Amino acid sequence: MSDPRTFDPGIRGSVAVLPDVPALWSYSSLKAVETCPRRYVLSRATYTDLWDRTGYPEVPSPAALFGDVVHDSLEAIVRALAAQGCTSASGPEAISVLRELGGYSEVAKAMLAKRLARLDDNPRLAGGGRERLQDQLEHRIPEAREEVQHYLHRMTLVPRQSAGSGPNSRGASPRYARGVGSHPEATLQADELRAWGRIDLLTVRPVQVDITDYKTGAEDESHFDQLRFYAVLWDQDNVSNSSRTPLGTLTASYPSREVTIEAPDAAQVQTLAQQLSARVTTADELVQSDEPAARPGDHCAFCAVRPLCTAYWPTTPEPASLKRGSWFDFEGTVVERNGIKSWWLHDLGPRKGPLLLRTTSAHHAFEPGQRLRLLGLRRDEDPDSEVAVAVLAQTSEVFLVTGESDY
Ligand code: SF4
C-alpha cells in the first residue's frame, strides 16, 4: 500500500490527505473534476486537524439548503407513495400515506433537521452560523411545502409488479432487477465504465423505461447531459436492466413545469458510452496528478476550498472599485491597529491599496504581520476618508496563512 499523499495549503489546521481515484464516477463528480481538478481534490481530501469527517467543511448557502430540503422531502414522499402502490399523490391511499408521514410540512421539517444535523460539527459554522441557517430555513417551510406539492401534483406512478420488482431477499445491495413499476432513488451502475448514478424516479413500463430527475434550481442545458448520462447507465447496467427494457423518455422536472426529451437511440448510446469512458480515464489522471490543476473562473465564488487555493486570491476584486454594500474576499497583511474595532490591512500585490477593516466586536485579536484571507467582507465607506473600508460581518470568515504554498 502506498503512503497517503498529503498537501499543506499553508492555512492553519488545513493539512490535507488527498483522495485516491473513486471506484465509480457519478455525473456530478465527473463534472466537478472537469470544472476544476484542484477543487475536486481539495474538497474530497481529509483534514484530520480540522474535523473527523471526509472532505473540506462547506458553508451551504440558504438557497442551496432550501433546494436540498425540497428534494429530500420529495424523495421521501415519492418513496412512501410508491411503496404503497399509489399511482398519484391524491386519492384515499395517498392521503393515508401522507397522513402517516405527518403531512408535507412535517416531512420538510424532518428533512431540514437531517440536513442541519450534518452541519453540527462544521468548524466553519461555529459561532452561530448553523443557527442562523436554521432560522432562515425554518421560515421557509411553508414555501418548501408548496414547492413539493407542485412536483407531486404532476406526478404519475406505476404500481410495481411482484416478480423482480423489489430488493433482493438479502437486502444487501440497492441494485436489483428493476421490474415494471415506479422506482424512486434507483441506483444504476455501469461496471465496465466505472460509472454510477442515483435516479430520482425510474419508471419501468412493459415496453420502455422513463427517467425523471427533480431539479430545484433554474433550468439548464446540463440537466439533459445528466439525463443522457443516466440513459447510458440504464443501457449498461446488467443487473438493474437484466430484462433489456429499451429507453423511452428523459424528463427534467422543475418546480413549475417538466421538460421531456427522447432518450438517445442505440447508436447514440454507444457514442455516449465511448465519450464517458474517455472522460473517466482523463478524470483518473487529473485526480492522481501531483499538482491537480486550478481552473479559476466564475465558479470560484461558490468554491468551498477557495481559502486554500493560491490561484484564486490574485483574481479577487480591488476593494476600492466596489460599490458600498458589495460582498467580497480579500487577502492581505495586518499592518496595525487603527482603533478598538478597526485594523489597517495591506494587500500583498501591487494591484490593490490599503484596506481599513472594521470588526463588529473588540475581541478580534489580529497581530501586525499576520497574513489573512478574509471571506465575505462587506464594502463600506468612510465620509472622512478616500480609503476603501470593509466590515468583517457576522458571516465573514478569517483564515490565517501560515505558509507559502504554491498549490
Ligand atoms: S478557488 Fe477556483 S481555481 Fe481554486 S480550487 Fe476553487 S474553483 Fe478551483
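Two strands count as a pair if DSSP finds at least two bridges between them. Keep that in mind for these close-ups of a predicted model.

**View 1. Strands β8 and β11 sit side by side as partners.** Strand β8 covers residues 327–339 and strand β11 covers residues 371–380. The two run antiparallel, with six bridges joining them. Want one bridge to look for? Find E331, then hop over to R373 in β11, its bridge partner. In general, strands of a sheet pair through backbone hydrogen bonds, either parallel or antiparallel.

**View 2. Now step back to see a barrel made of five strands.** Follow them round in the order β8-β9-β10-β12-β11, and the barrel closes. The pairing here is mixed. On average, neighbouring strands of this sheet are turned by 55° against each other, ignoring direction.

**View 3. Helix α4 has a buried face.** This helix spans residues 92–101, and A94, V97 and L98 are buried in it. Looking down the axis of α4, you'd find its buried residues within an arc of 95°, so they line one face of the helix. They pack against α3 (62–83) and α5 (104–117). What about the other side of α4? There, P92, E93, R99 and E100 are exposed. After α4 comes G102, which has a positive phi, near 100°.

**View 4. Here are two cysteines, C300 and C303.** Are they buried or exposed? C300 has 11% relative accessibility, so it counts as buried, since the cut-off is under 20%. C303 comes in at 7%, so it counts as buried too.

Methods
Residues numbered from 1 in each chain as written. Predicted model: local features only at pLDDT ≥ 70, side-chain atom pairs only at ≥ 80, totals over all residues. Heavy atoms only, no water. Helix = DSSP H or I, 4+ residues; strand = E, 2+ residues; numbered from the N terminus. Axes fitted to C-alpha atoms, helices over the stretch in contact; angles between N-to-C directions. Buried < 20%, exposed > 50% of the residue type's maximum accessible area, 1.4 Å probe, protein only. Arc of directions from axis to C-beta. Contact = heavy atoms within 4.5 Å.
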